[in-house]
Amino acid sequence: MSTSSYSRNIASFRSLFSALAVALFALVGVWIGTFEVQATEEEHEVQISIKDHKFEPDALKLPVGKPIKITVKNQDATPEEFESYELGFEKVIAGNSEAIIRVKPLKPGTYMFFGEFHQDTALGHIVAE
């Protein structure tokens, strides 16, 4: 095989490989985008507020097996850290602002949450059933 035909074969291989790689990335991107849309559509959404360093409501009933989107509105002028060891999240929410916490699908049970900056008053729980 001559050097020039070898070079042409390598160039053809690179072109084919590049085209296949681009097609694969495009397919994976479409698949991931579809998965994210489906997951978002199935989220169970709840809202909770912080006022006078207390959660309202302080007890939530949530479904088992669905991802959860919790919108937390801090109506106090001071920040609060919304936290749960059992659910694996902690988020500081500035005064007079809000944040979104996403929680993986829950198993049946009771899960505690609290405001780390005011643990004496900012307490609550989630019952998943």
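This report describes the fold, the salt bridges and two residues of a predicted model.

**Overall make-up**

The chain has 129 residues, of which 29% count as buried, and its secondary structure comes to 1 helix and 9 strands. Read from the start of the sequence, these elements follow the pattern α-β-β-β-β-β-β-β-β-β, with α1 spanning residues 3-41. Among the contacts in the chain with a separation of 6 or more, 58% are made by residues 24 or more positions apart. The accessible surface amounts to about 8,600 Å², and carbon and sulfur atoms contribute 59% of that area.

**The open sheet**

Four of the strands, in the order β2-β1-β4-β7, form an open sheet whose pairing is mixed. The edges are taken by β2 (54-56) and β7 (97-103), and because each of these has a single partner strand, one side of each is left without a neighbour in the sheet. On average, neighbouring strands of this sheet are turned by 25 degrees against each other when direction is ignored. Within the sheet, β1 (residues 44-51) and β4 (residues 68-74) pair in the parallel sense over 7 bridges, and Ser 49 has Lys 73 of β4 standing opposite.

**Salt bridges**

A search of the whole structure gives 2 salt bridges, which are set out below with the distance between their closest N and O atoms.

| Acidic residue | Basic residue | Closest N and O atoms |
|---|---|---|
| Glu 43 | Arg 102 | 2.7 Å |
| Glu 129 | Lys 61 | 3.5 Å |

What does the salt bridge between Glu 43 and Arg 102 tie together? Glu 43 lies in the loop between α1 and β1, whereas Arg 102 belongs to strand β7, so the pair links parts that are 59 residues apart in sequence. Glu 43 has a relative accessible area of 13% and is therefore counted as buried, the cut-off being under 20%.

The salt bridge of Glu 129 with Lys 61 likewise connects separate parts of the chain: Glu 129 lies in the segment after β9 (123-128) and Lys 61 in strand β3 (residues 59-62), so parts 68 residues apart in sequence are tied together. Glu 129 counts as exposed because its relative accessibility is 57%, and Lys 61 counts as exposed at 62%, where the cut-off is over 50%.

**Phe 114 and Glu 83**

Phe 114 is found in strand β8 (residues 109-115) and, with a relative accessible area of 10%, is buried. Leaving aside neighbours within four places in sequence, the residues in contact with Phe 114 are Phe 55, Glu 81, Phe 82, Glu 83, Tyr 85, Gln 119, Ala 122 and Leu 123. One of these partners, Phe 55, is 59 residues from Phe 114 in sequence, while the two C-alpha atoms are 8.4 Å apart in space.

Glu 83, another of the residues in contact with Phe 114, has its place in strand β5 (residues 80-84). With neighbours within four places in sequence again left aside, Glu 83 is in contact with Phe 89, Glu 90, Phe 113, Phe 114 and Glu 116. Which side chain of opposite charge is nearest to Glu 83, and how far away is that side chain? The nearest is Lys 91, at 13 Å, and Glu 83 is buried yet has no salt bridge. Glu 43, by comparison, is buried and forms a salt bridge with Arg 102.

Terms used
Residues numbered from 1 in each chain as written. Predicted model: local features only at pLDDT ≥ 70, side-chain atom pairs only at ≥ 80, totals over all residues. Heavy atoms only, no water. Pairing = 2+ DSSP bridges. Helix = DSSP H or I, 4+ residues; strand = E, 2+ residues; numbered from the N terminus. Axes fitted to C-alpha atoms, helices over the stretch in contact; angles between N-to-C directions. Salt bridge = Lys/Arg side-chain N within 4 Å of Asp/Glu carboxyl O. Buried < 20%, exposed > 50% of the residue type's maximum accessible area, 1.4 Å probe, protein only. Contact = heavy atoms within 4.5 Å. Areas by Shrake-Rupley, 256 points an atom, 1.4 Å probe, with all protein chains shown as cover. Lys, Arg positive; Asp, Glu negative; His and termini not counted.
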